[in-house]
Amino acid sequence: MLKPPAHNHLKDTNSPYLLQHATNPVAWYPWGDEAFSRAQRENKPIFLSIGYSSCHWCHAMAHESFEDTDVAKILNRSFISIKVDREERPDIDAVYMAFAQAMTGTGGWPLSIVMTPDKEPFFATTYIPKNRKFGRKGFIEILKEIETLWQKNNAGVCDSAGKLRTAMEKQAARAPEGTFSGDVVHTAFNELAGTFDEQYGGFGTMPKFPSPHTIVFLLKYWKFSGNTDARRMAEKTLDAMVAGGICDHIGGGFHRYSVSRDWRTPHFEKMLYDQAMMLYAYTEGWRATGNEVYKRVAEDIAEYIITGMQAEAGGFFSAEDADSDNTEGGTYLWTYEELREAAGEYAEEVFARFAIRKRENPAEIIPGAPPGKQTLKFVSPEVATLWYTSKNRTAIRKKLRETRNHRPLPFRDEKILTDWNGLCIGALAYAGVSLNHPEYIKAAEMAAGTIPYTAAGQTGALLHSRFSGQSSGTAPLDDYAFLLWGYLMLYEATFDAVWLGHAQHLTGILSEQFRAPHGAYYLTADGAEKLLVRQQIIYDGALPSGNSMLAVSLVILARITAVAAYEEDAIHIFGAFAPDIPHAPSAYCHLLSAYLHIESGEECVIVPGQEGIVSLLQVLSHGYRPFRTITVADGSPAITAAAPFTRNMKQKDNNTTLYICRDGSCSVPFTEFEDIDDYPLSDPFSPCTFTPEH
């Protein structure tokens, strides 16, 4: 028998997830030439396991199988085993997830792939129990079957894997065949309406993901079309999620998704990207409806991000684990008795709000949880409203949080990822100006100042990750697209045009290194590691795709700077995916939000000068105008460089002034107004004084 390694090849890596597996008896390698050279030399298949540090089922498979010497014996004997952190290498994860979905129709984490020494997959699945269970083969049984298959039909396996790779390459390289039609935005809404859960909000049955970009699309679609059903669906979902256990009512923020239709029971990991997008969605919800509950939920999320996820230097950590105290969600679960003791003098109010039973709750089953442990869920959305308006809420949260903090807390993954930080920067900046919390904007600016770039600093290329003081990894498309949006939100929060300069720098790199022949953008840069397939991804999953987010950002940047080429680049993205979108339009909601912005006819407001403009900017930012952009022509070198047309815009007679620009032309300057909404948002333009430079 092969002696299990005291440490495998992961001990010198710089990923929290990989380091969690550094003492497994499995002889893991990180992704790299050493592992692939050995697989070629020994003609062994590769077992590739992709996961992340806060994933419950990744931990379950690790404890059952990867810490088991019987499993390690087979893997070490007949396979070369590679561990990948999907957050550290999203490019690898995206490629092999696409293969898994092509082979099995499903995906998820941990992703388990068996492939040839040439990296071509021939087997894919997700979590596998160690031994046969419920009629499903166990991991040991599967490994032995693959071991035999490889020994007896090596050539056949490699031939089949090669054919699948060829098919995937052809699919990725195909040219677009079709023209984008704006009618798909209405089809997308109708598709969402058809799957909307009228009882509990959200879409489908279970599991249910928050999909905040879908909520944002519905609100924008309501504003664009006047369809009040879109707003109703968005509100119903926002209300239901707040009432459910997916929302952390004590510490703020949201868990990753719900395993129950009513949002009661979540998978408990807390991802930074979810916090960012949910903060954005609840801020949008508040602006669209004026519902104070949404404002308070957004404030809770922001507080959690800043106090619980922000590093001292400024960047935001990646995630908190699903598991704690040897139980999934152990930190967050309560028995009736625990909750009564912790609430003290507020116990009656707490039990009037939360649906907690004295013993087990028949509405909730949490595998592995001790008897009587339950998730905090409100009795109803109406009761949730009473909670968020209660004068005792702050005191109750403080008492319950003090008790909770004495429990074993979840592991926190302190990797700082550029893409997720970009989302968080943008969401905090947007919430800061919308909710009148300048401290959110300050936190976003701190994080933006620590984004990892190459040695050239902010004039160079981005790096993907930073952990323990080391920055590494070639940045994929999402890093650029999400950070670009973050920079634009910072500009709209501060009107410091330095952020526009940073945004335009990123667009230059995107155009030079990521552009595909037909107008879309590749996931990886020209000089990045060459994987089996170079992907162009548009499908919006738990997060908007890089192409979708880029399209949104390009439209905003075009309106702020009056550089039409940016909008043209966004339109090319629509065209590149025109054949795909009609098959499932609701899967492209964030991309369609960019189209709504283009077609809305909403204006760009230009405010020249520096003095006396603060109150005007506050008025302009009021209410729900999701397609309006504002440019401050303060005469600074930064704004003149980013938006040259602003050179011509001055205050008239030293009075507070604004211009309204639309479709490439601008109105005469306005200096006398009481309410900006009286001008000329619905009235014809006054005679045009000049046309912005393009």
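Which residues form one aromatic cluster with Trp 28? Phe 47, Phe 66 and Phe 139 join Trp 28 in that cluster. Keep in mind that this is a predicted model. Let's look at its aromatic rings, one of its helices and one of its pockets.

**Aromatic pairs**
- The structure holds 34 aromatic pairs.
- In one of them, the rings of Tyr 282 and Tyr 294 have centres 5.8 Å apart and planes at 70 degrees; planes over 60 degrees apart count as edge-to-face, so this pair is edge-to-face.
- Tyr 282 sits in helix α11 and Tyr 294 in helix α12, twelve residues apart along the chain, and both are buried.
- Phe 354 and Trp 387 also form an edge-to-face pair, with 5.4 Å from centre to centre and 65 degrees between the planes.
- This pair links parts of the chain 33 residues apart: Phe 354 lies in the loop between α14 and α15, and Trp 387 in helix α15.
- Phe 354 is buried at 2% relative accessibility, and Trp 387 is buried at 0%.

**Helix α2 (residues 33-42)**
- Its buried residues are Ala 35, Phe 36, Arg 38 and Ala 39.
- Because these four cover an arc of only 160 degrees around the axis, they lie on the same side of α2.
- They pack against the strands β1, β2, β3 and β4.
- On the other side of α2, Asp 33, Glu 34 and Arg 41 are exposed.
- After α2 comes Asn 43, with a positive phi near 50 degrees.

**The second largest pocket**
- This pocket holds about 550 Å³ of space.
- Among its 21 lining residues, Val 433, Ser 434, Leu 617, Gln 618 and Ser 621 lie nearest the centre.
- Helices α11, α17, α18, α19 and α24 each give two or more residues to the lining.
- The lining has nine nonpolar, ten polar and two charged residues.

Methods. Residues numbered from 1 in each chain as written. Predicted model: local features only at pLDDT ≥ 70, side-chain atom pairs only at ≥ 80, totals over all residues. Heavy atoms only, no water. 1 Å grid on protein atoms, 1.4 Å probe; cavity = no way out; pocket = protein on both sides within 12 Å on 5 of 7 lines; lining within 4 Å. Points joined across faces, edges and corners; volume = space filled by probe spheres on them. Nonpolar A, V, L, I, M, F, W, Y, C, P; charged D, E, K, R; others polar. Buried < 20%, exposed > 50% of the residue type's maximum accessible area, 1.4 Å probe, protein only. Arc of directions from axis to C-beta. Contact = heavy atoms within 4.5 Å. Phe/Tyr/Trp six-rings, centres within 6.5 Å; stacked < 30°, edge-to-face > 60°.
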